[in-house]
Amino acid sequence: MPEPVLSIRDLTVEFDTDDGIVRAVTGVSYDLYGGETLGIVGESGSGKSVSTMSLLGLIPRPPGRIVSGEATFEGRDLLTLRPRELRRIRGGDISLIFQDPLTSLNPVLKVGHQLAETLEVHGTARDGAARTRAIELLDTVGIPNPEQRYDQYPHEFSGGMRQRAMIAMAMANQPKILIAD
């Protein structure tokens with residue numbers, strides 16, 4: 001049997017609040033294999049987003065903290081990596097599509113420039129090649145007139161177009177794992 005691409009064991013995450021400690025995630029475990037689609041379902045507030053954000057080092061610390069667990073990706077525990085190492089993985093090997101694209105896109109930067117920056121930061125493309133690839137990605141996700149849309153701000157996109165732009169950004173570096181929150 002092949003090794004899982006991602007293996008989560010006993011993930012527990014807590015937050016300090018004015019009312020005491022809130023355990024947002026308790027003992028989550030699963031394996032994700034190459035080519036597999038894994039769906040995690042639960043009620044609003046059940047910890048789905050918190051567990052995903054914990055893997056990628058995106059929960060605010062404090063008030064949040066990972067109490068226990070392991071998240072093994074390519075032989076390394078994501079939960080113990082330094083921020084710099086985790087940044088290389090985040091957006092490159094593992095990408096996340098957030099629920100609300102309006103809060104994920106920088107409102108003062110043009111959408112195409114944000115997409116090109118994703119390519120440049122991870123060394124996938126530079127300068128003119130990054131622009132060309134960004135336009136291709138906007139086209140791939142169904143953004144009409146991608147050449148013109150490249151130079152528009154997030155507020156000039158509809159909600160659905162912003163979501164597709166986030167999908168393009170998540171797919172940009174051909175990640176090994178794509179998480180849709």
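# A tour of two pockets and some single residues

The residues lining the second largest pocket divide into 12 nonpolar, five polar and four charged. This is a predicted model, and the tour starts at that pocket.

**Stop 1: the second largest pocket**

Select Leu32, Leu38, Leu178, Ile179 and Ala180; of the 21 residues that line the second largest pocket, these lie nearest its centre. The space inside comes to about 490 Å³. Now colour strand 2 (20–32), helix 1 (48–55) and strand 6 (177–180), each of which supplies at least two residues of this lining.

Keep Leu32 selected and add Val5. The two are 27 residues apart along the chain, yet their C-alpha atoms are separated by 5.7 Å. Val5 belongs to the segment before strand 1. Is Val5 buried, partly exposed or exposed? Its relative accessibility is 22%, so Val5 counts as partly exposed; the cut-off for buried is under 20%.

**Stop 2: strand 1**

From Val5, move on to strand 1, which covers residues 6–17. Select Asp10, which is placed in this strand. Asp10 is not a glycine, but its phi is positive, at about 55 degrees. With a relative accessibility of 42%, Asp10 is counted as partly exposed.

Further along strand 1 is Glu14. Show its side chain together with that of Arg23: the two side chains make a polar contact of 2.9 Å. Glu14 counts as buried because its relative accessibility is 10%, and buried means under 20%.

**Stop 3: the loop after helix 1**

Go next to the loop between helix 1 and strand 3 (64–73), where Pro62 lies. Pro63 is also found in the loop between helix 1 and strand 3. Display the backbone from Arg61 onwards. Which kind of peptide bond joins Arg61 and Pro62? The bond is cis, with omega about -15 degrees. The peptide bond that follows, from Pro62 to Pro63, is cis as well, and its omega is near 15 degrees.

**Stop 4: the largest pocket**

Now select Arg90, Gly91, Phe98, Thr118 and Met169. They lie nearest the centre of the largest pocket, which has 21 lining residues. Its volume is about 600 Å³. By type, the lining residues of the largest pocket divide into 10 nonpolar, eight polar and three charged.

Which elements should be coloured here? Strand 5 (94–97), helix 3 (101–104), helix 4 (111–121) and helix 7 (159–171) each supply at least two residues of the lining. Helix 4 gives the largest share, four residues.

Stay with strand 5 and select Ser95, which is placed in it. Ser95 is buried, since its relative accessibility is 2%, and the cut-off is under 20%. Add the backbone of Ala170: its oxygen lies 2.9 Å from a polar atom of the Ser95 side chain.

**Stop 5: the start of helix 5**

Helix 5 spans residues 127–140, and Asp127 is found in it. Asp127 has a phi near 45 degrees, a positive value in a residue other than glycine. At 63% relative accessibility, Asp127 counts as exposed, because the cut-off for exposed is over 50%.

Select Gly128, also in helix 5. Gly128 has a relative accessible area of 45%, so it is partly exposed. Add Ala116 and draw the C-alpha to C-alpha distance to Gly128: the two lie 9.3 Å apart in space and 12 residues apart in sequence.

**Stop 6: charges over rings**

Show the side chains of Arg131 and Tyr150. Where does Arg131 lie relative to Tyr150? Arg131 lies over the face of Tyr150, at 4.3 Å from the ring centre. Then select Arg149 and Phe157: the charged end of Arg149 sits over the Phe157 ring, 5.6 Å from the ring's centre.

One last search concerns rings alone. A pair of aromatic rings is described by the distance of the centres and the angle of the planes. How many aromatic pairs does a search of the whole structure find? The search finds zero, so there is no such pair to select; to count, ring centres must lie within 6.5 Å.

Key: Residues numbered from 1 in each chain as written. Predicted model: local features only at pLDDT ≥ 70, side-chain atom pairs only at ≥ 80, totals over all residues. Heavy atoms only, no water. 1 Å grid on protein atoms, 1.4 Å probe; cavity = no way out; pocket = protein on both sides within 12 Å on 5 of 7 lines; lining within 4 Å. Points joined across faces, edges and corners; volume = space filled by probe spheres on them. Nonpolar A, V, L, I, M, F, W, Y, C, P; charged D, E, K, R; others polar. Phe/Tyr/Trp six-rings, centres within 6.5 Å; stacked < 30°, edge-to-face > 60°. Lys NZ or Arg CZ within 6 Å of the ring centre and 35° of its normal. Buried < 20%, exposed > 50% of the residue type's maximum accessible area, 1.4 Å probe, protein only. Polar contact = N/O pair within 3.5 Å; in protein donor to acceptor, adjacent residues only side chain to side chain.
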